[in-house]
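Me: Could you walk me through one part of this model in some detail? I'd like to see how a single helix sits against the rest of the chain.

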Amino acid sequence: MKELDYQNKAVRNLTDKLIYQIKDNPGRRCIVFEAPTGSGKTVMTCRTLAGLSEAMRDRGYDGCCDCAFIWIAPRDLHIQSYNKLKNIFSDTNRLVTRVFGDIDPTEGIKGGEILFVNWESVNRKKNLIVRDRENSVGLYEIVRRSRNAGLPIVVIIDEEQMF
């Protein structure tokens, strides 16, 4: 019970901080969420993103009624996180999990979507996922299209200490 109380408090605090960053402190900002291995960081982050998305829809901030998310992780951790969050959201549809091939490049990331990306596929300009090609657009263009649609984008860097 004590662990659940801790997680609920952590989720509320993270959600409040994210709302503040988006509403009152626009631009690039960083929130560090650090906890021991096995403490439930992925689940708490998942709940925080859902809470943020709901708050944006319910209250609307500066004309924004939702936000998009990009989850970046090293090695195959992005797939592990994708599967975990896909399972969590499969019943509620609060947020939609996507991998790069699922995104419609003409629209970008939509509100309420989490795009899971592998760090090694985006850390250099020569990587295919980053650069625009003749018959497809890269991640930067997809992000630009989402921003042009008025969506704030929250980037989650999982295992940031490894970068």
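Which exposed residues does the face of α4 turned away from its buried side carry?

Reply: Happy to. This is a predicted model, so local features need pLDDT of at least 70 and side-chain atom pairs count only at pLDDT 80 or more, while totals for chains, interfaces and linings use all residues. Residues are numbered from 1 along each chain as its sequence is written, and side-chain values use heavy atoms, with hydrogens and water left out.

The residues you asked for are Tyr-140, Arg-147 and Asn-148. Exposed means over 50% relative accessible area, buried under 20%, and partly exposed in between (1.4 Å probe, protein chains only). Helices (H or I, at least four residues) and strands (E, at least two) are DSSP runs, numbered from the N terminus.

Now for the other side of the helix. The buried residues of α4 are Leu-139, Glu-141, Ile-142 and Ser-146. Because their arc around the axis is only 165°, they sit on the same side of α4; the arc is taken from the directions between the helix axis and the C-beta atoms. The cover over these buried residues includes β3 and β4.

Ser-146 is a good residue to zoom in on. It belongs to helix α4, residues 139-148, and its relative accessible area is 0%. Setting aside neighbours within four places in sequence, Ser-146 is in contact with Glu-107, Gly-108, Ile-109, Leu-151 and Ile-153, where contact means heavy atoms within 4.5 Å. Just after the helix comes Gly-150, whose phi is positive, near 90°.

The charged side chains of α4 are worth a look too. A salt bridge here is a side-chain nitrogen of Lys or Arg within 4 Å of a carboxyl oxygen of Asp or Glu, and the whole structure has four of them. Glu-141 takes part in one with Arg-144, with the closest N and O atoms 2.4 Å apart; these two are three residues apart in α4, about one turn of the helix. Glu-141 also pairs with Arg-145, at 2.8 Å between the closest N and O atoms, and here the spacing is four residues, again about one turn. An α-helix has 3.6 residues a turn, so residues three or four places apart point the same way. Through shared partners, Glu-141, Arg-144 and Arg-145 become one network. Within it, Glu-141 is buried at 14% relative accessible area, whereas Arg-144 is partly exposed at 41% and Arg-145 is partly exposed at 24%.

One of the strands covering α4 has a salt bridge as well. Glu-113 in strand β3 and Arg-98 in strand β2 (residues 96-99) are 15 residues apart and link distant parts of the chain; their side chains meet at 3.0 Å, N to O. Glu-113 is buried at 6%, and Arg-98 is partly exposed at 25%.

Finally, the wider setting. A nonpolar core is a set of buried Ala, Val, Leu, Ile, Met, Phe, Trp, Tyr and Cys residues joined through side-chain atoms within 4.5 Å. The largest one has 21 residues, and those with the most contacts inside it are Leu-52, Phe-69, Trp-71 and Ile-114. Among the elements giving two or more residues to this core are β3 (113-118) and β4 (153-157), while its largest share, six residues, comes from α2. Another core, of 15 residues, lies apart from it, and includes Ile-103, Val-122, Val-130 and Ile-153. That last residue, Ile-153, is one of the contacts of Ser-146.
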